[in-house]
Amino acid sequence: MKQPFEDLPTILNSEELIEKIIKEVYSIDESDYKKREILRIKRARRISTRYLENIVRAFPSIDKIHPFYREMIEIIYGVSKLKSLLGRISRVARIIKEIAETSISDIKNSNDLNEMKKIRKAFLGRMASLIRKIEEDLSDLSKIREKLKDLPAIDPELPTIILAGYPGVGKSTIVRAISSAKPEVRSYPFTTKEIIVGHFYSKGKKIQIIDTPGLLDRPIKRKEEQMAISALNYINGKIAFIVDVAESNGFTLEEQKSLYENLKKLLKSEIIVFFNKVDIANNEKISKAELYFGPCVKMIATKGVGLNEFINLLT
Ligand SMILES: Nc1nc2c(ncn2[C@@H]2O[C@H](COP(=O)(O)OP(=O)(O)O)[C@@H](O)[C@H]2O)c(=O)[nH]1
Ligand SMILES: [Mg+2]
């Protein structure tokens, strides 16, 4: 599946856009003086307004996209900020149309070649300064586009398993064992590693499984990270919290329990805990884990033990 921002067009900066327009304007071949000046204005109007309107139109309607992706916009830039930005770009297109209209009728009413030239020049000058006024908006939009395009293609409507747990507990092993996951080199906000989205079928339904290295595998401190995690609440998902009961990953059961509590505060979806690596854990550790988490499905991900129960409980 595609994410909604995949096809956002590249965005020129103000000077690039002005240059593009001016080049076209002066390439007009028309010997009648009056007609030529009118054509110049019309062409400048067409290129500039089409360009600006396209930028706005190419953006998926913010009120219609899935709340998960709207939340991504909120985290990356701010939804209402983006709406005003797009509004300013539309407004500039509208004003250019209006002043083009008056300039054209002024030229039509004039019989003085010098005056016609002055009107056309004045129009181009005002158009350029209007475009320069949205310089920052265009450059912001270009940056937002880069970030949005880089978001992973998650289908928020598919039944989804989201993996959590400290690094080394066996999350990737589980994803590899049950799905067709190819690591996507795309980043989720506030993570540095690539996110992994895989799919498989269970009980006749397509299931999505997501491993988010750098997001659900460490205690959360920053506000932005909290938002990035809360956004997962918009996905139709359940969380599988994987515990390394052998503590072989270097994190104690206490630390793992504390991460679990930490995530539980931010995630509204159901969280199911699994005990992995029971092959190398002694009974004492398993009992201790049960004291912390209650009885849980025991797994040996590397040997496929417990995978059926894992799938059954989560789908
Ligand atoms: N003994 C044992 N090792 C496991 C088990 N599951 C995963 N591992 C190993 O633990 C290491 C970390 O696993 P990985 O899936 O990369 O963990 P992740 O960081 O949570 O994705 C790897 O060397 C795995 O082979 C298990 O059930 N038993
Ligand atoms: Mg991993």
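Both faces of strand β1 are covered in this predicted model: T160, I162 and A164 on one side are buried, as are I161 and L163 on the other. The strand spans residues 160-164, and five of its five residues are buried. A residue is counted as buried here if 20 or more other C-beta atoms lie within 10 Å of its own.

The pairing of β1 may be considered next. Strand β4, made of residues 205-211, runs parallel to β1, and four bridges join the two. Within this pairing, T160 has Q208 of β4 as its bridge partner. Strand β5, residues 237-244, is likewise paired with β1 in the parallel sense, here over five bridges. In that pairing, A164 of β1 stands opposite F241 of β5.

From β4 the path leads on to β3. Strand β3 comprises residues 196-202 and pairs with β4 in the antiparallel sense over seven bridges. G198 of β3 is found opposite I209 of β4. The two strands form a hairpin with two residues between them, and K203 in this hairpin adopts a positive phi near 50 degrees.

L163 of β1 leads from the strands to the interior. Beyond its neighbours within four places in sequence, L163 is in contact with K171, I174 and V175, with I210 and D211, and with A240 and I242. I210 and D211 fall within the bounds of β4, residues 205-211, while A240 and I242 fall within those of β5, residues 237-244. K171, I174 and V175 lie within helix α7, which covers residues 171-178.

L163 is also one of the residues with the most contacts inside the largest nonpolar core, together with A240, V243 and F274. This core has 75 residues. Helix α4, residues 79-108, gives the most to the core, with seven residues. Because domain 1 (14-149) and domain 2 (160-314) both give residues to the core, it lies between them.

Helix α7 leads finally to the ligand. The shell around ligand 1 receives more from α7 than from any other helix or strand, namely three residues. In total, 16 residues surround ligand 1, and the closest are G170, K171, S172, T173 and A301. K171 thus belongs both to the contacts of L163 and to the closest residues around ligand 1. By class, the shell consists of six nonpolar, seven polar and three charged residues.

Notes:
Residues numbered from 1 in each chain as written. Chains lettered and ligands numbered in written order. Predicted model: local features only at pLDDT ≥ 70, side-chain atom pairs only at ≥ 80, totals over all residues. Buried ≥ 20, exposed ≤ 12 C-beta atoms within 10 Å, placed from the backbone. Pairing = 2+ DSSP bridges. Core = buried A, V, L, I, M, F, W, Y, C linked by C-beta atoms within 7 Å. Domains from an automatic or database assignment. Contact = placed C-beta atoms within 7 Å. Near = placed C-beta within 6 Å. Nonpolar A, V, L, I, M, F, W, Y, C, P; charged D, E, K, R; others polar.
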